[in-house]
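Biologist: Could you take me through this model before I get back to the bench? I would like to begin with how the helices cross.

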Amino acid sequence: MNLHDPVHKKVIGISFIVFSALWLLSMAFFDTFMDFFVDKAIEESGGDPDVFFIFDIINSVFWGITVLFFIPRLVLGIALVSGQKWANIPSLVYGVVSLINFPVGTALGVYCIMVFTAKKPDEDY
């Protein structure tokens, strides 16, 4: 299998785009759900919103993770699909980070490592 074929990088780019978009959509759903839940809980508790600050902290942490990991991965996916050379090393880093996302992220991470660390055919001894 020729891992230097540009198709492999496009497949990785498309998977980065799809998984990042799914995560962003799920975060938008989670944010909407949490706002609805907290508003209902404030109404039921008699109107004391100071008790529910922990939900704002949790929501902020999740959005921070999203901004830190998934928006750059979406940009990397677009760059890989368009054939940008600068996206190779950051994509390798995100491939290594995605190894902890069992099972789909692990498979994608292994595939990223294989594609981005493969030797060129003329480098074989």
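Modeller: A word on terms before we start: a crossing is called left-handed if the near helix is turned anticlockwise from the far one by less than a right angle, and right-handed if clockwise. Please also keep in mind that this is a predicted model.

Biologist: Okay, so which way does α2 pass α3?

Modeller: The crossing of α2 with α3 is left-handed. Helix α2 covers residues 53–81 and helix α3 covers residues 88–97, and their axes come within 10 Å and cross at roughly 135 degrees. The two helices are therefore oblique to each other.

Biologist: Which residues meet there?

Modeller: From α2 there are Leu68, Phe69, Pro72, Arg73, Leu76 and Leu80, and on the side of α3 they meet Asn88, Pro90, Ser91, Tyr94 and Val97. By residue class, that contact of α2 with α3 has eight nonpolar, two polar and one charged.

Biologist: Let me step back a bit. How many helices and strands does the chain have?

Modeller: There are four helices and zero strands, and read from the N terminus the order is α-α-α-α.

Biologist: And the overall dimensions, what are they?

Modeller: Along the principal axes, the C-alpha atoms of the chain fill a box of roughly 75 × 25 × 20 Å. The radius of gyration is 20 Å, whereas a compact globule of 125 residues would have one near 14 Å.

Biologist: What share of the residues is buried?

Modeller: Buried residues account for 27% of the 125 in the chain. As for contacts, if you take those between residues at least 6 apart in sequence, 64% of them join residues at least 24 apart.

Biologist: Back to the packing, then. At what angle do α1 and α4 pack?

Modeller: Helix α1, residues 6–45, packs with α4 at an angle of about 150 degrees, and the axes are 10 Å apart. That angle makes α1 roughly antiparallel to α4, and the crossing of this pair is left-handed.

Biologist: Which side chains should I click on for that one?

Modeller: On α1 the contact is made by His8, Lys9, Val11, Ile12, Ser15, Phe16 and Phe19, and on α4 by Val104, Leu108, Tyr111, Cys112, Val115 and Phe116. The residues of this contact of α1 with α4 divide into ten nonpolar, two polar and one charged.

Biologist: What about α3 and α4, how do their axes cross?

Modeller: The axes of α3 and α4 come within 8 Å and cross at roughly 145 degrees, and this crossing is left-handed. In α3 the residues are Asn88, Ser91, Leu92, Gly95 and Val96, which meet Gly109, Cys112, Ile113 and Phe116 in α4. The contact of α3 with α4 has five nonpolar, four polar and no charged residues.

Biologist: Anything to look at in the loop between α3 and α4?

Modeller: Pro103 is found in that loop, ahead of α4 at 104–116, and a cis peptide bond joins Phe102 and Pro103, with omega at about -5 degrees. For background, most peptide bonds are trans.

Biologist: One last residue, Val67. Why does Val67 count as partly exposed?

Modeller: Val67 has 49% relative accessibility, so it counts as partly exposed, since that class lies between the 20% limit for buried and the 50% limit for exposed. Val67 is found in helix α2. The C-alpha atoms of Val67 and Leu24 are 9.3 Å apart in space, although the two are 43 residues apart in sequence.

How values were computed
Residues numbered from 1 in each chain as written. Predicted model: local features only at pLDDT ≥ 70, side-chain atom pairs only at ≥ 80, totals over all residues. Heavy atoms only, no water. Axes fitted to C-alpha atoms, helices over the stretch in contact; angles between N-to-C directions. Parallel < 35°, antiparallel > 145°, perpendicular 65-115°, else oblique. Contact = heavy atoms within 4.5 Å. Nonpolar A, V, L, I, M, F, W, Y, C, P; charged D, E, K, R; others polar. Rg over C-alpha atoms; globule rule 2.2 N^0.38 Å. Buried < 20%, exposed > 50% of the residue type's maximum accessible area, 1.4 Å probe, protein only.
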